[in-house]
Every structure is written in structure tokens, then in C-alpha cells.
Amino acid sequence: MRLTKYAHSCLRVEHDGGVLVVDPGMFSDPAVALDGVDAVLITHEHPDHLDVAAVRLQLDRRPFPIHGPASLAGVLGDAAEALRPVTVGESFTAAGVAVRAYGGRHAVIHPDIPVVDNLGYLINDVVYHPGDALVVPEETPVDTLFAPIHAPWSKFSEVVDFIRAVAPRRAYALHDALLNDNGLGVLDRQYAALSGTEYQRLEPGSRVDV
């Protein structure tokens with residue numbers, strides 16, 4: 001598979017002629033990421049993971065299924081016709097790629113903020129995108145983890161422990177759009193030192209083969 005990492009939490013997966021996009025949110029470059037897409041995975045409804053306007057525009061050009069929590073119907077509007085609801089533990093195929101869903105709930109931001117549904121996705125038994133939660137897919141080894149390194153709901157030590165628990169061969173930074181260069185520099189050094197695996201932050205638009 002070839003992966004293209006866009007800003008924040010957006011990944012584009014190309015495999016055997018199919019194109020799968022995960023979390024084309026407002027902080028990424030969704031119009032570029034979605035070009036030619038065959039299927040989309042959405043972890044949860046927050047706009048930094050789902051740019052509804054960009055998804056609707058691409059659907060008008062070329063229909064494709066949107067896989068994600070059933071609660072997405074409430075934010076997708078008329079685009080909800082494309083939604084294929086996914087449940088925790090479900091295995092399915094999207095754009096010709098095997099996917100398994102984990103988790104179920106977004107991490108708690110604050111007790112006064114409602115907790116929404118969130119799914120993590122193991123893609124082709126190789127790449128794990130957890131969305132906004134630190135759920136470990138314990139029964140399956142993970143080769144490549146995209147770890148959310150910074151968020152209003154996260155704590156550095158918890159993310160380090162999450163990476164260690166997943167124990168991937170390599171980890172790439174995810175969910176980093178709220179950081180400036182100072183913060184990125186500090187966290188990159190700390191995660192590289194403490195995560196227990198090969199850690200790297202990819203610049204938006206970078207491609208890797210897995």
C-alpha cells in the first residue's frame with residue numbers, strides 16, 4: 001500500500017488501483033486528498049476529521065461510500081445517503097482494502113462536553129488509525145501506527161503508553177495541526193526518545209509504502 005499523509009489526521013491509502021481516504025477534515029487538504037477517491041473512512045463527526053462541504057462536493061462529482069459511525073448521519077445531511085454505518089468489531093472492505101473497526105467512543109475532552117462515537121480502523125492488517133481515542137487493537141499485531149500526538153483530550157504520558165502498548169514496528173505522528181514549530185520540535189524529540197519504536201512526523205503530502 002502507498003500512504004499519503006495530509007495535515008492533521010488525514011490519510012490517503014492507494015492499493016491495487018483503489019483509493020481510500022481516512023478523515024478528510026478541515027485542517028487537511030480535503031479537495032486534494034479526495035481526488036479520485038473510491039471510499040472514505042470517518043472516525044468521528046468533529047470537523048477536524050470530517051469536512052462535510054468538501055465531501056459533498058466530491059460526492060457530486062463521483063459517488064462513493066462513506067464508512068463510519070451511524071451518528072455521522074446527523075452531520076452529513078443529504079450526503080448521509082452515502083453512509084455505510086460501521087459498528088465496533090466489524091470487518092468490511094472499502095476501496096478493495098480490508099478494514100476492521102475498534103473502539104466506539106471519543107476520548108473525554110471535558111465532562112461538560114458530550115462524548116461522540118469514534119472508531120479506530122485497522123487497514124489491511126497493517127496500518128492503524130485510532131481517531132480520537134487510545135484504543136489498543138490487542139488481538140492483532142500492528143505494523144504501522146498513526147498516533148495522535150496532541151489534542152485537547154490527550155496527555156503526553158498517555159500517548160507514550162498507548163504507542164508502547166500497541167508496540168508497532170514504526171509510528172507516525174497524527175493529529176498535530178494545533179501545534180506550532182516549538183511544540184512540534186519538543187514533542188517529536190520526546191516521542192522519538194520514549195515511544196519504544198521508530199517514530200517520525202511526516203510533512204503534509206509525504207508518501208510512504210507499507
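Accessible areas here come from the Shrake-Rupley method with a 1.4 Å probe. With that in hand, let's work through some exercises on this predicted model.

**Exercise 1.** How much area does the protein expose, and what share of it do carbon and sulfur atoms supply?

*Solution.* The exposed area is about 9000 Å². Carbon and sulfur atoms supply 50% of that area. As for the residues, 53% of the 210 count as buried.

**Exercise 2.** Why is the protein as compact as a globular protein of its length?

*Solution.* Start with the radius of gyration, which is 16 Å. Next, take the globule rule, which gives 17 Å for 210 residues. The two values are close, so the protein is as compact as a globular protein of that length. For the extents, the C-alpha trace spans about 45 × 45 × 35 Å along its principal axes.

**Exercise 3.** Classify the pair formed by the rings of Phe92 and Tyr121: which kind is it?

*Solution.* Searching the whole structure gives five aromatic pairs. In this one, the ring centres of Phe92 and Tyr121 are 6.5 Å apart and the planes stand at 85°. Planes over 60 degrees apart count as edge-to-face, so the Phe92 and Tyr121 pair is edge-to-face. Now place the residues: Phe92 lies in strand 7 and Tyr121 in strand 9, so the pair ties together parts 29 residues apart in sequence. Both Phe92 and Tyr121 are buried.

**Exercise 4.** Is Phe156 buried or partly exposed?

*Solution.* Buried means under 20% relative accessible area. Phe156 has 29%, so Phe156 is partly exposed. By contrast, Tyr191 is at 0% and counts as buried. Phe156 and Tyr191 belong to one aromatic cluster with Tyr199.

How values were computed. Residues numbered from 1 in each chain as written. Predicted model: local features only at pLDDT ≥ 70, side-chain atom pairs only at ≥ 80, totals over all residues. Heavy atoms only, no water. Phe/Tyr/Trp six-rings, centres within 6.5 Å; stacked < 30°, edge-to-face > 60°. Helix = DSSP H or I, 4+ residues; strand = E, 2+ residues; numbered from the N terminus. Buried < 20%, exposed > 50% of the residue type's maximum accessible area, 1.4 Å probe, protein only. Rg over C-alpha atoms; globule rule 2.2 N^0.38 Å.
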